[in-house]
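Trainee: I would like a close look at one part of this chain, the C-terminal domain that the record annotates. Please set that part in the context of the rest of the fold.

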Amino acid sequence: MCSMVVPLLLSTFVLYSCIGNASAGVTSAFVRNEWPSVDIPLDNEVFAVPKGYNAPQQVHITQGDYDGKAVVISWVTTDGPGSNTVRYGLSEGKYDFTADGTLQNYTFYNYKSGYIHHCLVDGLQYSTKYYYEIGSGDSSRRFWFQTPPEIDPDASYKFGIIGDLGQTYNSLSTIEHCGQTDAQAVLFVGDLSYADRYDHNDVGIRWDSWGRFVERSAAYRPWIWSAGNHEIEYFPHLREVIPFRNYLHRYPTPYVASESSSPLWYAVRRASAHIIVLSSYSPFVKYTPQWRWLAQELKNVDREKTPWLIVLMHAPIYNSNDAHFMEGESMRVVFESWFCQYKVDVVFAGHVHAYERSYRISNIQYNVSTRASYPVPDKSAPIYITVGDGGNQEGLALRFRDPQPDYSAFREASYGHSTLEIRNRTHALYHWNRNDDGKRVPTDSFVLHNQYWGDSHRRRKLKKNHLFSIISKRAYSQ
Ligand SMILES: [Fe+2]
């Protein structure tokens, strides 16, 4: 009996080892040369103030409604309130339409902000390039943006994903590299300027410099904002105790359109994607406004119209770096079962200054009275991707936990950014691009299969309908 059991156990162990090895995660051996992780000096040309009296600066746009037919255009003037008007049209220099915005300013310690303009431009046509002009006379400035395609399950679209950006030379590479990918919009996963690393009036001054820094991208492509811990800025020693003050004055979000009660959590639909933005640093436990809003918003998702369900947050739920280990655990306990129930495709987070991608796993069996408390493979679970590697002044999170946990598929302590290229309702291409000492190097890539349309029953139905439509078209053309 015993002689039979031993070979059986041995073969089971070998088989298990093979399976284990086949899906073992990879810890990249790449070592990033240390570039100085210091902020670019304020007198550098990347922060240059545009010439002319009261010229608009810190220009940026974001989606202005639920479905992508509006943008909010924001800018700052410093010499005076100036004009609130955006002039826009379908060809360069010919602005047939106007929209009027709002104006506000605020103080932070002794710092006085410039005049902050936000202007909703709505009623736009889909898939259209618009040109716009702001400011007056010789100081006016011109930009453009492209609206997304109409909400459609097979609409293709390319997102860039950036987190924890800051304003260093590495941050500059990240923005430039993302621009080279022709991403049409940026999903930003929190920690914008790192101005909170400064003190007194320099906090406000570094928010301004960051606004001028990202204008090269954000004036032309909508950035979908989410807030990180560096946006909290709770400074009792400066008597600044209202969280997110600098961020909220400067970076509006279309939260009302998704019936959210806070600009810190909201949703937008763009092309074939439904994007849900969560706030890691606002209450989210049961019965809080964010919890109640997410419960409803997940019910609003219609995968027949927007097959791709993407969630953004700042603190990652699955992270195997020593930095910020387990910080996302409280949100995991509250929201992970919903992510599986609603078959979220991918969750992007930042916070950890490195790159990491998970397998599809969940840990939703756990409760305090059972022993089941380890992530297991789960086809309904999202892939969790951490891209807190934008390049800020705090440097890289170099220490990954050893051994690499089973849930971690690939991890590397480098700077970089990601792109998600949605092809149709079933497939999207994902790339993580390492910043290899200033060069953009695609490093981690995979084909993302849609969690809703990848279901075998729906796939068969889709194939049948596709074949039917081809046969009908042929019959019609004969
Ligand atoms: Fe962070």
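**The C-terminal domain and its surroundings**

Mentor: UniProt, in an unreviewed entry, lists residues 381-439 as "domain: Purple acid phosphatase C-terminal". The model is predicted. Over residues 381-439 the chain is 47% strand and 0% helix, and the end C-alpha atoms of the span lie 33 Å apart.

One strand in this span is S22, residues 383-387, which pairs with strand S18, residues 346-349, in the parallel sense over 4 bridges. Within that pairing, Val 347 has Tyr 384 of S22 as its bridge partner. Strands of a sheet pair through backbone hydrogen bonds, either parallel or antiparallel. S18 and S22 belong to an open sheet of 8 strands with mixed pairing, in the order S1-S23-S19-S22-S18-S17-S16-S15. In that order S22 stands between S19 and S18. The edges of the sheet are strand S1 (26-27) and strand S15 (266-270), each of which pairs on one side only.

Strand S18 leads to the other annotated region. The same kind of record, UniProt, again from an unreviewed entry, places "domain: Calcineurin-like phosphoesterase" at residues 158-355. This span is 30% helix and 16% strand, with its end C-alpha atoms 20 Å apart.

Val 347 has a part in the core as well as in the sheet. The largest nonpolar core has 100 residues, and Val 347 is among those with the most contacts inside it, together with Leu 187, Ile 224, Ile 275, Leu 312 and Phe 348. Helix H3 (residues 202-218) gives the largest share of this core, 6 residues. Ile 224 shows how such a core position is surrounded: leaving aside neighbours within four places in sequence, Ile 224 is in contact with Thr 62, Gln 63, Ala 185, Val 186, Leu 187, Phe 188, Val 268, Ile 275 and Val 277. Two of these partners, Leu 187 and Ile 275, are themselves among the residues with the most contacts inside the core.

As for the whole, the protein chain has 7 helices and 26 strands. Its radius of gyration is 24 Å, close to the 23 Å that the globule rule gives for 478 residues, so the chain is as compact as a globular protein of that length. The C-alpha trace spans about 95 × 70 × 45 Å along its principal axes. Buried residues account for 45% of the 478 residues. Among contacts between residues at least 6 apart in sequence, 72% join residues at least 24 apart.

Technical notes:
Residues numbered from 1 in each chain as written. Predicted model: local features only at pLDDT ≥ 70, side-chain atom pairs only at ≥ 80, totals over all residues. Helix = DSSP H or I, 4+ residues; strand = E, 2+ residues; numbered from the N terminus. Rg over C-alpha atoms; globule rule 2.2 N^0.38 Å. Buried ≥ 20, exposed ≤ 12 C-beta atoms within 10 Å, placed from the backbone. Contact = placed C-beta atoms within 7 Å. UniProt positions renumbered as here; feature names shortened; annotations may be inferred. Core = buried A, V, L, I, M, F, W, Y, C linked by C-beta atoms within 7 Å. Pairing = 2+ DSSP bridges.
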